[in-house]
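Biologist: I'd like to walk through this chain with you, bit by bit. Could you pull it up?

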Amino acid sequence: MMTRKARFGFFARVLTCVIAISAMIIFFSRRTIPDVSLVAVFAWIGAAVLLALTAITLGFYATMRWHTWCLNRGATDPQWMWFGGEPPGLQKLRHDGDRQHAQRRFHQ
């Protein structure tokens, strides 16, 4: 978990990068197309930043939902792949679950 100081440092770096990239875009757009007003350039930069943030947020949300869906259907958490196997006791839980499922089907 990020502490308050680390979080501030992260957002400060992100803000610095956004400002630097925006300044470069403004500088080069003013040189390339001098007829475009500064307000229009700011509007396009703002729209591009909002579009990028929306795409990143939707990507994170879709990935989170996909991983949750997979885990709820018996997939192994990808973090366990570093260990070359499944978590301790998971195979026994799966075997017990399969046995209970078979017993329920048999009694119906």
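Modeller: Here come some questions and answers about the helices and how they meet.

Modeller: Ground rules before you start: this is a predicted model, where local features need pLDDT of at least 70, side-chain atom pairs count only at pLDDT 80 or more, and totals for chains, interfaces and linings use all residues. Residues are numbered from 1 along each chain as its sequence is written, and side-chain values use heavy atoms, with hydrogens and water left out.

Biologist: Okay, what pattern does the chain follow along the sequence?

Modeller: Helices (H or I, at least four residues) and strands (E, at least two) are DSSP runs, numbered from the N terminus. The chain has three helices and zero strands. Read in order, that gives α-α-α.

Biologist: What span should helix 2 have, given its 35 residues?

Modeller: The expected span is 1.5 Å times one less than the number of residues. Helix 2 covers residues 38-72, and its end C-alpha atoms are 51 Å apart, which agrees with the expected 51 Å.

Biologist: And which residues of helix 1 are buried?

Modeller: Buried means under 20% relative accessible area, exposed over 50%, and partly exposed in between (1.4 Å probe, protein chains only). Buried residues make up 8% of the 108 residues in the chain. Those in helix 1 pack against helix 2, with contact meaning heavy atoms within 4.5 Å. They are Ser-22, Ile-26 and Ser-29.

Biologist: Are helix 1 and helix 2 parallel, antiparallel, perpendicular or oblique to each other?

Modeller: Two packed helices are described by the angle between their axes and the distance between the axes. Axes are lines fitted to C-alpha atoms, for helices over the stretch in contact, and angles run from 0 to 180 degrees between N-to-C directions; under 35 degrees counts as roughly parallel, over 145 as roughly antiparallel, 65 to 115 as roughly perpendicular and the rest as oblique. Here the axes come within 11 Å and cross at roughly 140°. Helix 1 and helix 2 are therefore oblique.

Biologist: Which residues in helix 2 does helix 1 meet?

Modeller: From helix 1, the residues involved are Ser-22, Ile-25, Ile-26, Ser-29 and Arg-30. Among them, Ile-25 is partly exposed, with a relative accessible area of 42%. On the helix 2 side, the partners are Leu-38, Val-41, Phe-42 and Ile-45.

Biologist: How far apart in space are Ile-25 and Phe-42?

Modeller: Ile-25 lies in helix 1, and Phe-42 belongs to the helix 2 side of the contact. The two are 17 residues apart in sequence. C-alpha to C-alpha, the separation is 9.6 Å.

Biologist: Last one: what separates the C-alpha atoms of Gly-74 and Arg-94?

Modeller: Gly-74 follows helix 2 and has a positive phi, near 100°. Gly-74 lies in the loop between helix 2 and helix 3 (90-107), and is partly exposed at 38% relative accessible area. Gly-74 and Arg-94 are 20 residues apart along the chain, and their C-alpha atoms are separated by 8.3 Å.
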